[in-house]
2 protein chains.
Amino acid sequence: MIFGKDSLRRIEEREPHVRAWAAIDRDGALSAARNADKVRRNAAGKMRQLLGIPVGVKDTISTADLPTVYNSPIYRDHRPGSDAAIVDLLRSAGAIVLGKTETVEFAAHGRPAPTRNPCDPTRTPSGSSSGSAAAVADFMVPLAVGSQTGGSLIRPGSYCGCVGFKPTYGTVSTEGVKPFSVSLDTVGWYGRAVEDIALVARAFEIVEGALPRQRRLAAMRLGLCRTPYWDRAEPAMRSAVERVGQRLAAAGATVENFELGPEFAEVADLQETIMCGEGYFAFLNLFRAHPDNISESIHRRIVRVSNSKLVAAQDKAAALRPIFDRMADRYDAILTPSAPGEAPRGNLPADAIFNGLWTLLHAPCITLPGLIGPQGLPLGIQLVAPRHADGSLLTAAAGVAPFLGP
Amino acid sequence: MIFGKDSLRRIEEREPHVRAWAAIDRDGALSAARNADKVRRNAAGKMRQLLGIPVGVKDTISTADLPTVYNSPIYRDHRPGSDAAIVDLLRSAGAIVLGKTETVEFAAHGRPAPTRNPCDPTRTPSGSSSGSAAAVADFMVPLAVGSQTGGSLIRPGSYCGCVGFKPTYGTVSTEGVKPFSVSLDTVGWYGRAVEDIALVARAFEIVEGALPRQRRLAAMRLGLCRTPYWDRAEPAMRSAVERVGQRLAAAGATVENFELGPEFAEVADLQETIMCGEGYFAFLNLFRAHPDNISESIHRRIVRVSNSKLVAAQDKAAALRPIFDRMADRYDAILTPSAPGEAPRGNLPADAIFNGLWTLLHAPCITLPGLIGPQGLPLGIQLVAPRHADGSLLTAAAGVAPFLGP
């Protein structure tokens, strides 16, 4: 991992091109880095596992010492009085919050982040965790926090070319994170390598105990899932996923087709219904107090869903979760696209079709970089596992990662 | 309803005995009251339905202009930079936030509120929404906000003798409310009459459109539910519930026994598992950073639940919700105890056994005062309905309330 001073040097050089940062705490970070060595344990007596590591935090997440703007004019001068729970956890583990990263307005819709894809400035980094993905992919920080309600974490990781991890829903407190959809919002993070992601997962007790030991590839079983939305994957992504499956099979792993049954046919619609229906209650206070300072596309998309439709979607989703868990439990991980293809031109988040279903299922997901598409841009491969199988997912990801060369 | 000046006068007189308030904004409230008439519509052009009404807000809910202490030494000087969503909504509707009301530590366990039951200072007001219930019951404010994860809203309403309402889970944003259990935490409020509660429910769009019209009692159908925990109700509460059923039947309503089937046998255990399991993730940042400033009983109760046990409880709860909805849908409301009996001596929250199951089921609940127990203290009667039947629940409550005389 790279540390404080190197991060600041890299940011100075690259930020004018990438625009990943909404705010940077240069002096605070340097002083925290100087003091890092002094306290090796936190108040609970735990080792500070992220000691001295500079971290970017998505600007929908509260920080006491830096503004938290949500990319919204309503919150232009907003300074929360305290840190979000995830920021507390990072600091207790010794990490240094270097700054806030750019986001789509309220991590929802509306104003895109000003961030550019570090691989090609004419391309979108995607969103809503745009700045966090770009900052890690561009070597500005080794670690950054994002969040996902639809595809806001995995998809930017795929487009920018870094590792992105959404843990099992509910394992990281969302206190101090701008809410969107209470039963979907999940905090996660980006890193350069699976091992760094796993370090954080252990520090936050997402994984109970040690990580499972890596299995010989011949003992690994992977399910290749084309999802009900395979036709929305670009040819390059389709062949990338197939190619990875073939490589792993050639190396000895068992790779089987994994099909979501007909009961999963509407899984993306369910996610959209819940996101918007719950989102309406989350945004109601802003709709009332600041209707003119919320982007038109938020007003258009986040509308009241009828109670009966919302509750039916919530119940259906709840019923699908254990079904998926049981199906996926036979596998070390499910292999599936992280995004439809390479990053499109422009600055919009683009299509979350390969993410919303897993968010709905509360399943832990990781996107791995390495593959390159026909336009020379990253194609992320996603691994998914049953709820709370985060530990074995991370172990499987470490086993799969070496097979993702170009 | 009574207004700002009268509220302050009443508080001045009674607060030394009741101790309902953690903080009061005397000047701010008076100035807001003077200005109330000037703006009759909020930014979205909606009528301010709560114009000039003074409100108490539980001190686990963020306010920008008043401290938010959670009854925790960790947050002694805490001033959040912005209002919680519920506070925004109240202000947009024209309400005046008069002050913050006392709570049990983090609305969880540990330090009890200093509040006394206004009906008898030797008795507990219960918790965790102790101050809000006591302030409304003691005529200090006509309206106060509380929250419920187990029985924190309905039970204090029962003990103190006011109306308390927990709407359907998810219909009020919990942004800015100290989290405990993400799938259970619900914001609600106290009032003196069902009509006042209903006014707020409409202002917050919990009820879609107008309230259903009140039905002739002869057309009403009520289910009398003794729950699997009837033996934990005191004789006085048992006979109170039976008596109300008989009165309503005598007046022409259909009152039937409503039994939760064997699949509901462990419903209280499921609630406890989820509350503590999810609570562990909610408190982890504080456990790490401030272990010595959290009460021992929180450390003892909120412990890590194994992933498999937590997820099994979550799935079971999710499966029970639509089953209860279908069973209860035949009734205008389910009639059941609000608490085991009259308020016990002391200052502890006491037994939430008649509340946790309904919180788990995400069902809207209302407690109605009026009945008096053998020790001269209030006995609350609870009405419950399927998810999102908040409107018909409130209409049923208005119909039942006149039958709750002593």
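This section describes the sheet of chain A, the helices that lie across it, and the relation between chains A and B in a predicted model.

In chain A, an open sheet is built from 11 strands, in the order β1-β3-β2-β4-β6-β5-β10-β11-β9-β7-β8, and its pairing is mixed. The edges are formed by β1 (21-24) and β8 (254-257) of chain A; each has a single partner strand, so one side of each is left without a neighbour in the sheet. On average, neighbouring strands of this sheet are turned by 30 degrees against each other, direction ignored.

Strands of a sheet pair through backbone hydrogen bonds, in either a parallel or an antiparallel manner. The antiparallel sense is found between strand β5 (residues 163-166) and strand β10 (residues 365-372) of chain A, which pair over three bridges. Within this pair, A:G164 stands opposite A:T367 of β10(A).

Two helices of chain A lie across strands of the sheet. Helix α2 (residues 26-35) lies across β1, β2 (54-58) and β3 (96-101) of chain A, and runs at about 155 degrees to β3(A). Helix α4 (residues 130-137) lies across β1, β2, β3, β4 (143-148), β5 and β6 (186-191) of chain A, with a direction at about 150 degrees to β4(A).

A turn of 180 degrees, with a shift of 0.0 Å along the axis, lays chain B on chain A with an RMSD of 0.0 Å. The two copies are therefore related as by a two-fold rotation axis. In chain B, the C-alpha of B:G81 is the one nearest the axis, at 2.4 Å from it. Of the interface residues of chain B, 100% are also interface residues in chain A, so the copies meet through the same surface.

Key. Residues are numbered from 1 along each chain as its sequence is written. Chains are lettered from A and ligands numbered from 1 in the order in which they are written. This is a predicted model: local features need pLDDT of at least 70, side-chain atom pairs count only at pLDDT 80 or more; totals for chains, interfaces and linings use all residues. Two strands pair if DSSP finds at least two bridges between them. Helices (H or I, at least four residues) and strands (E, at least two) are DSSP runs, numbered from the N terminus. Axes are lines fitted to C-alpha atoms, for helices over the stretch in contact, and angles run from 0 to 180 degrees between N-to-C directions. Two residues are in contact if their C-beta atoms, placed from the backbone, lie within 7 Å. Copies are superposed by least squares on the C-alpha atoms of residues with pLDDT of at least 70 in both.
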